[in-house]
Amino acid sequence: MPRRAPAYAMHTATLPPAGLRAEQLSVSLAGVNILQQLDVSFPAGKVSALCGPNGCGKSTLLKTLAGLIKPVGGHAWLGEEAVSSLSPAERARRMAMLAQSSLTPAGMTVAELVACGRFVHTGLGERVSREDQRWIDWAISTTELDALRERELAALSGGERQRAWIAMALAQGGRVLLLDEPTTFLDVRHQIEVLQLVRALNHSHGLTVVWVLHDLNQAAAFSDHMVLMQAGRIAAAGSPAEVATPATLEAVFGVPMWRGLVDGQPVCLPRLASQPSEAAACV
Ligand SMILES: Nc1ncnc2c1ncn2[C@@H]1O[C@H](COP(=O)(O)OP(=O)(O)OP(=O)(O)O)[C@@H](O)[C@H]1O
C-alpha cells in the first residue's frame, strides 16, 4: 500500500480534483476519421476504465484528452478549461499520461527516470531543487521502489518497471493520471499489484484516473466508472454494473457472453460452451 503523501506533497490536494470531458470531439489521423463527434466524461476524483475492441480509438481518445493530438472538431476539457488553451508545460503539470509501450531509456536508473517527472517544473537539464528531490523521494517510496532506486530500468522486472513509470508520473505532481494499458505484458500477480497501487493512489490522493484496460473483469472490479467504445464512438458509459452486461459486451465485441458469480463477485466471460459450468451461477 502506498504511504500517505507527506505535507510537502499534499499541496495539490488543495486544488479541486479535475474531471475530463470530450464534447463533440472528432479526430482524423492520416485523413481517416478515427473519433466521430464523441461526447464523454470521466468524473473528477474517480477511476474510469476505457474499454473496447482493438482499433476502436481508445488510445486516440486518451492522447486527445492529454492534448497530444489536436482534434479536427469539438473540444477536450480538463475541469472547466479547454485542453487546447493550456500550454504543454501546464498540461503536463496537471496530468500525466503513460503511453501504451514506453521505451526504456538505455542506462537510466529508477531515480533518474522519476526525476524526469520534475522537468515539467524545473525545465530540461535544470538543477533539481530540494522541493523537487522531496517529490522524487515521495514518488519512489509511494511506489515501493526505495530498494531499487539506483537500479537500471533494463534490469527491472516488467512489474517493477511499470511502477517506476507510475512513480515518474506521480512526480509530475498533477492530479490526473491517464494510463494506456498499464497491465499489458504483466503476469496476473503484477497486474493486480499495479491495479491496487493505482486504486490506492486514487483513494489516498483523490487522483482522477482514466485507464485503458482489456481485461473487462479487472476493469469492472477496479473502476468506479466504465466507458465502452466501438468504432470511434461511445457505445456505453456508466457504473461497471450498468456497462459490463452480457448484452452490451456482446454488441460491442461480437462474442456471446455470460455473466456469473465467482466468490460473490460478478464476472463476464465469453460463452465458449453452450452452457456455463456448474461451478458458476449465472446472474
Ligand atoms: N498515427 C496514426 N496514423 C493513422 N492512423 C492511426 C494512427 N494511430 C492510430 N491510427 C488508427 O486509428 C485507429 C484507432 O487506433 P487506436 O490506437 O486509438 O485504437 P485502440 O482502441 O487504442 O486500439 P488497441 O486496443 O489495439 O490499442 C486504428 O484504426 C489505427 O490504425
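A residue counts as near a molecule if its C-beta atom, placed from the backbone, lies within 6 Å of that molecule. The exercises below apply this cut-off and others to a predicted model.

**Exercise 1. The shell around the ligand**

Determine which residues are around the ligand, which elements supply them, and how they divide by class.

Solution.
Step 1. Applying the cut-off, one finds L29, A30, V32, I34, G52, N54, G55, C56, G57, K58, S59 and T60 around the ligand.
Step 2. These positions are then assigned to elements. Strand 2 (32–42) and helix 1 (58–65) each give at least two residues to the shell. Helix 1 provides the largest share, namely three residues.
Step 3. The shell is sorted by class: five residues are nonpolar, six are polar and one is charged.

**Exercise 2. Two domains and their contact**

State how the chain is divided into domains, and describe the side of domain 1 that touches domain 2.

Solution.
Step 1. The domain assignment gives domain 1 the residues 7–244 and domain 2 the residues 245–283. Taken over C-alpha atoms, the centres of the two domains are 30 Å apart.
Step 2. For contacts, C-beta atoms placed from the backbone must lie within 7 Å. Eleven residues of domain 1 are in contact with eight residues of domain 2.
Step 3. On the side of domain 1 that touches domain 2, two or more residues come from each of helix 8 (216–222), strand 9 (225–230) and strand 10 (233–238). Helix 8 has the largest share, with three residues.
Step 4. By class, this side of domain 1 holds eight nonpolar residues, three polar residues and no charged ones.

**Exercise 3. Strand pairing**

Establish in which sense strand 4 pairs with strand 1 and with strand 5, parallel or antiparallel, and identify opposite residues.

Solution.
Step 1. In general, strands of a sheet pair through backbone hydrogen bonds, either parallel or antiparallel.
Step 2. Strand 1 (residues 20–29) pairs with strand 4 (residues 73–78) in the antiparallel sense, over five bridges. Here A22 is opposite A76 of strand 4.
Step 3. Strand 4 also pairs with strand 5 (residues 81–82), again in the antiparallel sense, over two bridges. L78 faces E81 of strand 5.
Step 4. The hairpin of strand 4 and strand 5 has two residues between its strands, and G79 in this hairpin takes a positive phi near 60°.

**Exercise 4. The open sheet**

Give the strand order of the open sheet of six strands and name its edge strands.

Solution.
Step 1. The order is 6-7-8-3-9-10, and the pairing is mixed.
Step 2. Strand 6 (95–98) and strand 10 are the edges, since each pairs on one side only.
Step 3. On average, neighbouring strands are turned by 15° against each other, direction ignored.
Step 4. At one end of the order, strand 9 and strand 10 pair in the antiparallel sense over five bridges. The bridge partner of Q230 is R233 in strand 10.
Step 5. Helix 7 (residues 188–205) lies across strand 3 (47–51), strand 7 (176–180) and strand 8 (208–212), and runs at about 160° to strand 8.

**Exercise 5. A helix pair**

Describe how helix 5 and helix 6 pack, and which residues meet.

Solution.
Step 1. Helix 5 (residues 130–142) and helix 6 (residues 158–171) have axes 8 Å apart and pack at an angle of about 145°. Their crossing is right-handed.
Step 2. From helix 5, W135, I136, A139, I140 and T142 meet A167, L170 and A171 of helix 6.
Step 3. The residues of this contact comprise seven nonpolar, one polar and no charged.

Methods
Residues are numbered from 1 along each chain as its sequence is written. This is a predicted model: local features need pLDDT of at least 70, side-chain atom pairs count only at pLDDT 80 or more; totals for chains, interfaces and linings use all residues. Helices (H or I, at least four residues) and strands (E, at least two) are DSSP runs, numbered from the N terminus. Ala, Val, Leu, Ile, Met, Phe, Trp, Tyr, Cys and Pro count as nonpolar, Asp, Glu, Lys and Arg as charged, and the others, Gly among them, as polar. Domain bounds come from an automatic or database domain assignment. Two residues are in contact if their C-beta atoms, placed from the backbone, lie within 7 Å. Two strands pair if DSSP finds at least two bridges between them. Axes are lines fitted to C-alpha atoms, for helices over the stretch in contact, and angles run from 0 to 180 degrees between N-to-C directions. A crossing is left-handed if the near helix is turned anticlockwise from the far one by less than a right angle, and right-handed if clockwise.
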